[in-house]
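User: Could you take a close look at the strand pairing in this one, then work outward to what packs around it? I'd like the cut-offs spelled out as you go.

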Amino acid sequence: MSIFLIRHAESEANINGKTRSHASIALSENGHTQAKELCSKLPKIDHVIVSEYLRTHQTAAPILEKYDLNFEVDEHLYEFSYLSERKCANTNLNDRKAWVNAYWEKMDCQYRDADDAESFKDLYLRVQAFQEKLKTLAPRYAEKNLAVFSHGQFLQLLIMQIQQPRLLSKELMQHFRSDLVRQPIKNTEVFTY
């Protein structure tokens with residue numbers, strides 16, 4: 001049996017829709033279809049963990065309904081929120097492009113865009129904490145299946161750290177950004193832990 005690490009289905013933000021807040025982004029119409037298709041592809045799921053964000057709840061919904069499950073929210077799983085939520089309110093990907101580029105040009109693990117944004121170090125520490133949780137969960141899921149619904153950037157760093165653990169550094173941040181641009185994790189992509 002397995003622990004499945006899954007990126008949420010396509011969201012309104014993924015298709016350049018304007019968003020109010022990081023947490024309130026909903027799935028697109030196609031995203032709801034993807035969530036249903038994912039449900040039919042996975043084996044029986046015994047437990048579900050989601051982030052606090054709406055799009056992970058909506059992606060998990062078909063599985064929760066199919067197996068009559070409740071979900072657990074994990075405080076570490078949310079998306080990397082490196083831009084100020086206040087600044088990003090009611091913007092889309094095109095509106096944020098200059099801010100995104102400016103953030104990544106700095107390549108500073110400690111830098112925060114504002115008091116309501118994270119540094120890369122904050123993401124790194126959340127990923128480390130969730131990795132420790134996975135290690136403690138693994139024995140419990142030797143005979144059962146767990147589905148963990150998270151986000152592209154969080155999963156990108158988690159998978160990197162599972163495959164080859166590295167200390168926090170500018171080089172890790174550069175490698176992370178390069179992978180994110182060259183090989184982003186697709187909506188509903190599944191990794192087995």
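Analyst: **Strand pairing and its surroundings**

S1 and S4 run parallel, joined by 5 bridges. Before going on: this is a predicted model, where local features need pLDDT of at least 70 and side-chain atom pairs count only at pLDDT 80 or more, while totals for chains, interfaces and linings use all residues. Residues are numbered from 1 along each chain as its sequence is written, and side-chain values use heavy atoms, with hydrogens and water left out.

As for labels, helices (H or I, at least four residues) and strands (E, at least two) are DSSP runs numbered from the N terminus, and two strands pair if DSSP finds at least two bridges between them. In the S1 to S4 pairing, Ile3 sits opposite Leu146 of S4. S1 has another partner, strand S5 (residues 190-192), which runs antiparallel to it with 3 bridges; there, Phe4 is matched with Thr192.

How enclosed is S1? 5 of the 5 residues of S1 are buried, so the strand is largely enclosed by the rest of the structure. Here buried means under 20% relative accessible area, exposed means over 50%, and partly exposed is in between (1.4 Å probe, protein chains only). Both faces are covered: Ile3, Leu5 and Arg7 are buried on one side, and Phe4 and Ile6 on the other.

S4 also pairs with strand S2 (residues 47-50), again parallel, through 4 bridges, and His47 has Leu146 as its bridge partner there. S2 in turn runs parallel to strand S3 (residues 71-73), with 3 bridges between them, and Ile49 faces Glu72 of S3. To get from S2 to S3 the chain goes through helix H2 (residues 54-67), making a right-handed β-α-β crossover. Right-handed means that, with the strands pointing away from the viewer, the path from the first strand over the helix to the second runs clockwise.

Two residues along that crossover are worth a stop. Gln58 belongs to helix H2. Leaving out residues up to four places away in sequence, Gln58 touches Ala26, Leu27, His32 and Ala35, where contact means heavy atoms within 4.5 Å. Its C-alpha atom is separated from that of Phe149 by 9.9 Å, although the two residues are 91 apart along the chain. Asn70 is in the loop between H2 and S3 and counts as exposed, at 66% relative accessibility. Asn70 still touches Val48 and Leu64, again not counting residues up to four places away, and its C-alpha atom is 7.7 Å from that of His47, a residue 23 places away along the chain.

Now the packing. A nonpolar core is a set of buried Ala, Val, Leu, Ile, Met, Phe, Trp, Tyr and Cys residues joined through side-chain atoms within 4.5 Å. The largest one has 34 residues, and Leu5, Trp104, Phe120 and Leu157 have the most contacts inside it. Strand S1 (3-7), helix H4 (93-106), helix H5 (120-137), strand S4 (146-150), helix H6 (152-163) and helix H7 (170-182) each give two or more residues to this core. H5 supplies the largest share, 7 residues. Apart from this core lies another, of 15 residues, including Ile6, Cys39, Val50 and Ala147. Back in the largest core, Trp104 touches Phe80, Tyr82, Phe120, Gln153, Met173, Phe176 and Arg177, residues up to four places away in sequence not being counted.

Next, the open space. On a 1 Å grid over the protein atoms alone, a pocket is an open set of points where a 1.4 Å probe fits, with protein on both sides within 12 Å along at least five of seven lines, and lining residues have an atom within 4 Å of a point. Points are joined across faces, edges and corners, and a volume is the space filled by probe spheres set on them. The largest pocket holds about 870 Å³. It is lined by 33 residues, with Glu79, Tyr82, Leu93, Arg96 and Gln153 closest to its centre. Helix H3 (85-88), H4, H6 and H7 give two or more residues each to the lining, and the largest share, 5 residues, is from H4.

Last, some backbone oddities. Most residues other than glycine have a negative phi. Met107, in the loop between H4 and H5, has a positive phi near 45° and is buried, with a relative accessible area of 14%. Asn16 also has a positive phi, near 70°; this residue is in the loop between S1 and helix H1 (29-41) and counts as partly exposed at 27% relative accessibility.
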